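Hello,

Here is the structure I said I would pass on. My notes on it follow below.

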Amino acid sequence: GEMRGEVEFSDVCFDYPRQDGSETDLQSDCDEGILQHISFRVKPGQTVAIVGQTGTGKTTLVRLINRIYDATAGVVRVDGVNVRDWNLAVLRQQISIIEQDVFLFSRTIAENIAFGKPNATPEQIETAARAAQAHEFILSFNEGYQTAVGERGVTLSGGQRQRIALARAFLTDPRILILDDSTSAIDSATEDKIQRAIYTAAQGRTTFIITHRLSQIRWADLILVLRRGQLVAMGSHDELMKSSASYRRIFSE
């Protein structure tokens with residue numbers, strides 16, 4: 001059936017497998033691992049911001065949703081079903097992860113946008129690019145959508161690559177969108193466009209955003225505050241400003 005996009009973590013722990021191949025002691029790993037005893041529930045269509053210092057396990061956490069990693073203990077559920085019981089292809093079709101290092105093929109811009117939907121029409125590709133705030137910069141190239149990317153073509157900036165990745169997501173229309181956005185070097189005009197594109201992309205689907213950008217954090221329905229692998233606080237911006245010293249510290253940095 002159709003995925004709705006409800007995501008639930010129940011007492012989830014994660015640690016990388018031991019190099020020496022010895023059996024892991026789950027209990028001690030849970031108390032010392034990369035993620036420790038994480039529990040939260042996200043309703044379909046909600047936007048979740050994940051905040052915390054570098055190295056607190058934010059990227060690892062979202063990678064458990066589409067099973068790039070599997071939880072060491074506890075259960076990750078999508079629509080109430082353990083992710084281990086989902087058909088992996090179906091699960092991954094419905095979850096789009098946009099990481100800071102967007103991979104582009106040495107093909108045309110149009111082909112790069114249609115990566116997840118090879119039979120897309122030029123109209124569909126353009127609609128997705130417009131939604132991703134990419135149409136204008138694409139038209140600034142002589143060949144437009146037929147411009148080659150990579151070795152034999154143009155080199156795209158970080159902000160342009162991110163918008164191509166967002167256009168891919170608009171085209172494949174996943175139920176769950178994950179934006180691991182640690183892009184630092186983006187000028188404010190570009191940043192504005194990316195903000196708008198992300199806001200549009202988040203409508204009607206469950207969206208996780210890993211970000212330092214305060215404007216994105218503010219409009220999230222739920223904010224998860226991670227500290228050294230633990231979920232130390234969660235709530236809306238207003239709730240956390242009142243209740244969480246860790247969260248206030250992030251905002252005063």
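In helix 7, the buried residues are Gly159, Gln160, Gln162, Arg163, Ile164, Ala165, Leu166, Ala167, Arg168, Ala169, Phe170 and Leu171. That makes 12 of the 15 residues, so helix 7 is largely enclosed by the rest of the structure. Please keep in mind that this is a predicted model.

The length of helix 7 checks out too. At 1.5 Å a residue, its 15 residues should span 21 Å, and the end C-alpha atoms are 21 Å apart, so the two agree.

**Largest pocket**

Helix 7 (158-172) also helps to line the largest pocket. Helix 3 (88-93) and strand 6 likewise give two or more residues to that lining. The volume of the pocket is about 660 Å³. In total, 22 residues line it. Which of them lie nearest its centre? They are Ile95, Ser96, Ile97, Phe115 and Arg168. Arg168 is one of the buried residues of helix 7. Phe115 is partly exposed, at a relative accessible area of 48%. By residue type, the lining has 11 nonpolar, 6 polar and 5 charged members.

**Aromatic pairs**

The count of aromatic pairs comes to 8. One of them joins Phe14 and Tyr16. Their ring centres are 5.2 Å apart and the planes meet at 85°; over 60° counts as edge-to-face, so this pair gets that label. Phe14 is buried, at 5% relative accessibility. Tyr16 is partly exposed, at 40%.

Phe115 from the pocket lining also has an aromatic partner, Phe105. This pair is tilted, with 4.9 Å from centre to centre and 40° between the planes. The two residues are 10 apart in the chain, and the pair links distant parts of it. Phe105 is in the loop between strand 6 (95-98) and helix 4 (109-113). Phe115 is in the loop between helix 4 and helix 5 (122-131). Phe105 is partly exposed, with a relative accessible area of 21%. What sits over the ring of Phe105? The charged end of Arg107 does, 5.2 Å from the ring centre.

Phe14 and Tyr16 also belong to one aromatic cluster with Tyr69.

**Cavity**

Tyr69 turns up again in the lining of the largest cavity. How many cavities of 30 Å³ or more does the structure hold? The number is 1. The largest cavity has a volume of about 50 Å³. Alongside Tyr69, its lining includes Leu64, Arg67, Asp70, Ala71, Gly74, Val75, Val76, Asn82, Val83 and Arg84. Strand 4 (residues 73-78) gives the largest share of that lining, 3 residues. The lining divides into 6 nonpolar, 2 polar and 3 charged residues.

**Backbone angles**

Most residues other than glycine have a negative phi. Two residues to look at here are Asp173 and Arg228.

- Asp173 is not a glycine, yet its phi is positive, at about 50°. It lies in the loop between helix 7 and strand 7 (176-180). With 38% relative accessibility, Asp173 is partly exposed.
- Arg228 also has a positive phi, near 50°. It lies in the loop between strand 9 (222-227) and strand 10 (230-235). Arg228 is exposed, with a relative accessible area of 66%.

**Contacts across the sequence**

Two pairs of positions are worth listing.

- Thr54 and Arg227 are 173 residues apart in sequence, but their C-alpha atoms are 9.4 Å apart in space. Thr54 sits in the loop between strand 3 (47-51) and helix 2 (58-63). It is exposed, at a relative accessible area of 74%.
- Asp181 and Thr211 are 30 residues apart along the chain, and 5.4 Å separates their C-alpha atoms. Asp181 belongs to the loop between strand 7 and helix 8 (188-202). Is Asp181 buried or exposed? Its relative accessible area is 5%, and under 20% counts as buried, so Asp181 is buried.

Best regards

Terms used. Residues numbered from 1 in each chain as written. Predicted model: local features only at pLDDT ≥ 70, side-chain atom pairs only at ≥ 80, totals over all residues. Heavy atoms only, no water. Phe/Tyr/Trp six-rings, centres within 6.5 Å; stacked < 30°, edge-to-face > 60°. Buried < 20%, exposed > 50% of the residue type's maximum accessible area, 1.4 Å probe, protein only. Helix = DSSP H or I, 4+ residues; strand = E, 2+ residues; numbered from the N terminus. Lys NZ or Arg CZ within 6 Å of the ring centre and 35° of its normal. 1 Å grid on protein atoms, 1.4 Å probe; cavity = no way out; pocket = protein on both sides within 12 Å on 5 of 7 lines; lining within 4 Å. Points joined across faces, edges and corners; volume = space filled by probe spheres on them. Nonpolar A, V, L, I, M, F, W, Y, C, P; charged D, E, K, R; others polar. Expected span 1.5 Å × (residues − 1).
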